[in-house]
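Thanks for coming. I will go through how a few helices pack, and then stop for comments.

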Amino acid sequence: MARIFITGSADGLGFLAARRLLALGHEVLFHARNAARAQKLRNKLTGPIELVTGDLSDMEQTIALANAVNKAGRFNVHIHNAGVYQANPRTILHVNTIAPYILTCLIHPPQRLIYLSSNMHLQGRFHSAQFEASPNQLTYSDSKFHMVLLAKAIARKWPAVFSNAVDPGWVPTKMGGSGAPDNLEKGYETQVWLATSSEPNAYVSGKYFHHLLERQAHPLTEATDLQEQFLELCKNYSGVKFPG
Ligand SMILES: NC(=O)c1ccc[n+]([C@@H]2O[C@H](COP(=O)([O-])OP(=O)(O)OC[C@H]3O[C@@H](n4cnc5c(N)ncnc54)[C@H](OP(=O)(O)O)[C@@H]3O)[C@@H](O)[C@H]2O)c1
């Protein structure tokens, strides 16, 4: 049995992955943005659940969330799933990029890290202007490019941890919309598999997956100088130092 922490698990792909992992007999620490969302989540499930709260658009709450996760013990797997699509650039930066960075830095390292990206990362880029106080130039695609950069940076710096990024496909969640063409179940099966499988294909690091298969991420995400600049800017923006 694995202990698994999933951000944004009150709804959408995070919730579906969490529910599947519970059904498989794993222990899940749920995360909701606030007490009201936590209550809605409890109403959807039968039986008690382990849960932490924190609004990821607020860096202080994200740091407090990391402390709460550490208080709950050590986890084998962290799934950085929470995300926003239609939001202002600052909220996209905080929720999609800075929160996964802060939580990665401050929570005791697990054995496996999974970062939710998107095939839209292929249109994204990383540049320093995205980390200014008013990051007007940041798009959702950029934030998903950041997630592949982060997954690959961690894979390189922490060789004992399996760190990978996932494109779940365009699926019908609150974010994807009811007309999304891809299969909803396939949208979370890769995260469940990377979190728990003992197949050799799942024991890899620094990779980018779609529907259980490794895919080619944007080639620039391999650039170690870019990865280092990204970590440096996340550190300067958040005030949270990368461990080691
Ligand atoms: N759906 C797609 O087609 C698609 C495609 C490519 C990639 N993805 C990625 O897959 C991941 C999951 O997406 P989804 O489709 O499941 O989206 P979703 O249905 O909108 O769910 C997103 C989750 O993130 C949480 N969240 C958002 N902002 C938050 C904040 N400030 N603080 C705390 N939690 C917050 C949401 O909480 P609330 O319920 O409180 O809002 C929700 O639990 C995202 O990273 C997304 O970028 C999705």
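**Helix packing**

Keep in mind that this is a predicted model. I start with helix 5, residues 140-157, and helix 7, residues 224-238, which pack at an angle of about 105° with their axes 9 Å apart. Angles of 65 to 115 degrees count as roughly perpendicular, so helix 5 is roughly perpendicular to helix 7. On the helix 5 side, the contact is made by His146, Leu149, Lys152, Ala153 and Arg156. Helix 7 contributes Thr224, Leu226, Gln227, Phe230 and Leu231. By class, the residues of this contact are five nonpolar, three polar and two charged.

Next, the other partner of helix 5 on my list. Helix 4, residues 89-106, packs with helix 5 at an angle of about 10°, and the axes are 8 Å apart. That angle makes helix 4 roughly parallel to helix 5. From helix 4, the contact uses Ile92, Leu93, Asn96, Thr97, Pro100, Tyr101 and Thr104. From helix 5 come Tyr140, Ser143, His146, Met147, Leu150 and Ile154. Here the split is eight nonpolar, five polar and no charged. His146 of helix 5 is in the contact with helix 7 and also in the one with helix 4.

Last, helix 6, residues 186-196. How many of its eleven residues are buried? Eight are, so to speak of the helix as mostly covered is fair. The buried ones are Gly187, Tyr188, Thr190, Gln191, Val192, Leu194, Ala195 and Thr196. What do they pack against? Helix 1 (12-23) and strands 1 (3-6), 4 (77-80), 5 (112-116), 6 (162-167) and 7 (208-210).

How values were computed
Residues are numbered from 1 along each chain as its sequence is written. This is a predicted model: local features need pLDDT of at least 70, side-chain atom pairs count only at pLDDT 80 or more; totals for chains, interfaces and linings use all residues. A residue is buried if 20 or more other C-beta atoms lie within 10 Å of its own, exposed if 12 or fewer, and partly exposed in between; C-beta atoms are placed from the backbone. Helices (H or I, at least four residues) and strands (E, at least two) are DSSP runs, numbered from the N terminus. Two residues are in contact if their C-beta atoms, placed from the backbone, lie within 7 Å. Axes are lines fitted to C-alpha atoms, for helices over the stretch in contact, and angles run from 0 to 180 degrees between N-to-C directions. Angles under 35 degrees count as roughly parallel, over 145 as roughly antiparallel, 65 to 115 as roughly perpendicular and the rest as oblique. Ala, Val, Leu, Ile, Met, Phe, Trp, Tyr, Cys and Pro count as nonpolar, Asp, Glu, Lys and Arg as charged, and the others, Gly among them, as polar.
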